[in-house]
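Please open the model in a viewer and keep the selection tool at hand. The tour below proceeds from one selection to the next.

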Amino acid sequence: MVAHGYDVCGIACTIAEAVALGHRHKPDLALIDLRLADGELGTEVAAKLSHQDGLGVLYATGNVMQIALTAANGHACLTKPYHGAELLRGLEIVADIATTGTAVPPLPRNFQILKGAEAGAECLPHG
């Protein structure tokens, strides 16, 4: 990630750890797994950090159908397994949505823009 211009501020296993990292580092982007340690949900991390202006949220999950996601939770979701190039492109798209409100194709396979995250966008998988 660093080779592509991203600085990783940390890795968290729980909501409390992730929120503490978010408050400490004020990131522009958050890559959040939907299922965290001890049965916690990654959507709680986004909810607790939602006051941070411009924070782009990309979820990663093995099963996107487990939880109904909308723009209230974040911007997009990338379904596992994915390749590094797909993750990088997904982060670019989320950054664009967070700053401009739009996403420019191409979209990675197994990538979903969350309904309402982009004007007129539907929660549809691509690829």
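Buried means under 20% relative accessible area, exposed over 50%, and partly exposed in between (1.4 Å probe, protein chains only). Select C9, which counts as partly exposed because its relative accessibility is 32%. Then select C13, which is partly exposed because its value is 45%.

This is a predicted model, in which local features need pLDDT of at least 70 and side-chain atom pairs count only at pLDDT 80 or more, while totals for chains, interfaces and linings use all residues. Residues are numbered from 1 along each chain as its sequence is written, and side-chain values use heavy atoms, with hydrogens and water left out.

Next, select strand β1, residues 29-33; helices (H or I, at least four residues) and strands (E, at least two) are DSSP runs, numbered from the N terminus. A30 and I32 point to one face of β1 and are buried, whereas L29, L31 and D33 point to the other and are not.

Add strand β2, residues 56-61, which pairs with β1 in the parallel sense over five bridges (pairing requires at least two DSSP bridges between two strands). Within this pair, L29 stands opposite G56.

Now select I32 alone. Beyond its neighbours within four places in sequence, I32 is in contact (heavy atoms within 4.5 Å) with G42, V45, A46, V57, L58, Y59 and A60.

Finally, turn to the largest nonpolar core, a set of buried Ala, Val, Leu, Ile, Met, Phe, Trp, Tyr and Cys residues joined through side-chain atoms within 4.5 Å. Of its 28 residues, I32, V45, L58, Y59 and F111 touch the most other members. Helix α3 gives the most to this core, with five residues.
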